[in-house]
Every structure is written in structure tokens, then in C-alpha cells.
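Here are my comments on the model you sent, set out as numbered points. Please read them with the coordinates open beside you.

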Amino acid sequence: MTLSTALKTGDLSALPSRRDEDWRWTDLRGLLKVLPPASPQGRAWFWDNPLSDALDMTGGVVNGRGPTDLAVDAGEERFVGWRFMSATDATAHGAELWVDVGEGAKLTLIESYEGRGKGYVSDVAVNIRLGKDAIVERIIFADDDADAISVVTAEVTLAPGAKFAQTVLTSGARRQRIETRVRHPGAHAEVRLDGAYLLDAQRHADLTSVVTHGGLDGVTSQLTKGMVTDQARGVFQGRIVVEKGADQTDARMGHHALILSDKAEIDAKPELLIFADDVSCAHGNTIGALNDEVLFYAKQRGIPEADAKAMLTVAFVAEVVERIEHEGARSVAAAWVARKLGSDA
């Protein structure tokens, strides 16, 4: 059951619903009663991004139309920006991107999801394949419209010795799901999956991931942090599967979130499914509020409460941002978080 199937066939019964365990907090069938018409051809707009001059290559996909292939040859190093733009009100579109990274190659990929239309439906499928000893860092900035329905699904396959790192930064949408599925070969390959959701009003964001360890000596590290206020809803679903024979797996997952309103909601489901014996695996999950004593101290120092909350939330999310390896992308991510939280920090 997928949104892409519904968009291709027009069959609303193909939409995932709360009856589907992995979609129970991000029900699309109950929300979408009629599919919008197909999006018309759109036109790209200027990308006001501090990294623009440093990029080796850019790809622009507007209303589902644009380039679909990105290849990095063996031993090559690339810094690429790929924009997925939704430019028309109340229409629907799908897109895909195939990324092949050759043996020993290195790719830093900036993905930007930009909502310039209102109330659109967008479905994007990203397929990433890493060759032996390849390195990929994927940084996602999701700026969907508040009334949009947006789904991004990535399938990632690693060869032995490869390293895949990902950071998702999102402000949500009416319904938004960013899902990542990783086939981990073990064999000294490494995966880092991080994310931060910053949600206000009635925005919704669902960060879902599945990492399947299929061989010896694999490493996975995952850290997600979130903030919800007003009537927003954050969803975190992280599943790490260690298959039989995937001994000496080292897998760690953490999800930590702040609820800043009585009407906001967070649903979290961290899972470890372990079918091997000699492993080192752990997960943690905490949900709380900002420290009242710290807020009181800030107000005593003349800092308005809203500014104090923004500063503290920026500091809370900073750990995710600091794990971004590319210096330029890390700087842009820090500015993105500060802007979303209304802070100059």
C-alpha cells in the first residue's frame, strides 16, 4: 500500500491507513478522500542557497518533472544539490531519483524539498546504491507547505566497506513522512541515520527508518531529536533488524523530543529485532519539556520567554546538526534550525 500506487492508478484503496501498523500514526487513506489532478509542468526558480557556488552539480525536479539519475564514478568526489519543488496549488505528482556511487567514490548530496504551491500531494522515491568503500553523506532540508501531503521514501543498499550518513531536517506538513530503508551488509560498512523535526501549528512529520543488518561486523548509529508545539504531531519509528549470522553488529539508536504545548503530540516506536548472538545493540527514547528552572533563570536575566525557549531548543537540537560531517552543510543546517525556531543563536 503506497501513495505512489494511488497516484498512478487513481485507486484510493492503495493508500496506507491506520490499519497498516507502520502507518498507524500517518493515516493517508482517512485524509485523502479525492486525489487532486495531476500537476502541470512547472518552472524552476532561483535557489537562494549559501552552498550554491560550492556545488559541483545541481538537479531540479519541478512538479515531478526533471532529471532522475545521478552517477558518481569510481574514485570520484562530488558535492551535489538536488531540488524537489512543488509549485502548483492542489495538484499531485510523483518523482524518483536513482543515485549510483562507484567504488571508493565520495558524494555529499543536499536534497531540498520546497513547497511553493499550497495543498499539493507529492511522492518521491530515492534509490541509493553505494559501491565498495564508497562514502555518501545525504542532508535533507524539508520545507513543505503547511497544507501539503508529502512522502519521501529512500531505499539504500551498501556494499562492503561503504559508509552512509544521513541527516533529515524538517518542519513538517499537513501529513509528511520521510522514510529510509537500508540494506546493511555488515563487512565493516557503517551507517549513521540522524534527524530533527521542528513542528508548530498543526504540522505533522513522520521520520521512519528500517536498517537491516545482514552480515558480520556492521555499525549503525542513529540519533533523532524533535520539538512540537501548538497542535503539531511528531512521529518517530526506528527499527534495526540484526539477522541470523550478523554477529558483531554494533547498533545504537536514540530518540529524544520536547513537547512545548498541552495539545501537541509525539508518538515514538524504537525497535531492535535481534536474531544473532554476539552483538552490541541499544536504544533509548525520552520525551519531556524544557527545564522550568532554566527558563526562570533566563527570564531573570531579562530574556523574553519566547526567546529563551528558542535558544534552549536550538541547543537541544544542536547535537544532531553537529554530527553533519560536511562543514558547509553543517553551517547551513545550523542556520536553518535557528531560523525555524526564531532564534539568532
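The points below take up one strand and its partners, then the salt bridges, then the cavities.

1. The model is a predicted one, and the remarks that follow should be read with that in mind. I begin with strand β10, which spans residues 175-184. Seven of its ten residues are buried, and the strand is therefore largely enclosed by the rest of the structure.

2. Strand β10 has a parallel partner in strand β8 (residues 149-158), with nine bridges between them, and another parallel partner in strand β12 (residues 204-213), with eight bridges. I178 is a convenient residue to inspect here, since V152 stands opposite I178 on one pairing, while L207 in β12 stands opposite I178 on the other.

3. Over the whole structure the search finds 25 salt bridges, of which I single out three. In one of them, R181 pairs with E179, and the closest N and O atoms lie 2.6 Å apart. The two partners differ in their surroundings: E179 is buried because its relative accessible area of 6% falls under 20%, whereas R181, at 27% relative accessibility, counts as partly exposed.

4. A salt bridge also joins the side chains of E243 and R183, with an N to O distance of 4.0 Å. This pair links distant parts of the chain, as E243 sits in the loop between β14 (233-242) and β15 (250-259) while R183 belongs to strand β10, 60 residues apart. E243 is partly exposed at a relative accessible area of 29%, and R183 is likewise partly exposed, at 44%.

5. In the third example, the side chains of D267 and R233 meet in a salt bridge with 2.8 Å from N to O. D267 lies in strand β16 (residues 265-274) and R233 in strand β14, so this contact ties together parts that are 34 residues apart in sequence. D267 is buried, with a relative accessible area of 11%, and R233 is partly exposed, with 24%. Beyond single pairs, salt bridges that share partners join D22, R177, E179, R181, D206, R239 and E271 into one network.

6. How many cavities of 30 Å³ or more does a search of the whole structure find? The search returns four, and the largest cavity holds about 100 Å³ of space. Its lining comprises 13 residues, and Q166, D194, L207, S209 and Q222 are the closest to its centre. At least two lining residues come from each of β9 (163-170), β10, β11 (190-199), β12 and β13 (219-228). By class, the lining of the largest cavity divides into five nonpolar residues, seven polar ones and one charged.

7. The second largest cavity has a volume of about 60 Å³. Its lining consists of D22, R181, T208, S209, V210, Q237, G238, R239, K269 and E271, and the elements that give two or more residues to this lining are β12, β14 and β16. One nonpolar, four polar and five charged residues make up the lining of the second largest cavity. When checking this region, please compare its lining with the salt-bridge network: D22, R181, R239 and E271 appear in the lining and also in the network.

Note on methods: Residues numbered from 1 in each chain as written. Predicted model: local features only at pLDDT ≥ 70, side-chain atom pairs only at ≥ 80, totals over all residues. Heavy atoms only, no water. Buried < 20%, exposed > 50% of the residue type's maximum accessible area, 1.4 Å probe, protein only. Helix = DSSP H or I, 4+ residues; strand = E, 2+ residues; numbered from the N terminus. Pairing = 2+ DSSP bridges. 1 Å grid on protein atoms, 1.4 Å probe; cavity = no way out; pocket = protein on both sides within 12 Å on 5 of 7 lines; lining within 4 Å. Points joined across faces, edges and corners; volume = space filled by probe spheres on them. Nonpolar A, V, L, I, M, F, W, Y, C, P; charged D, E, K, R; others polar.
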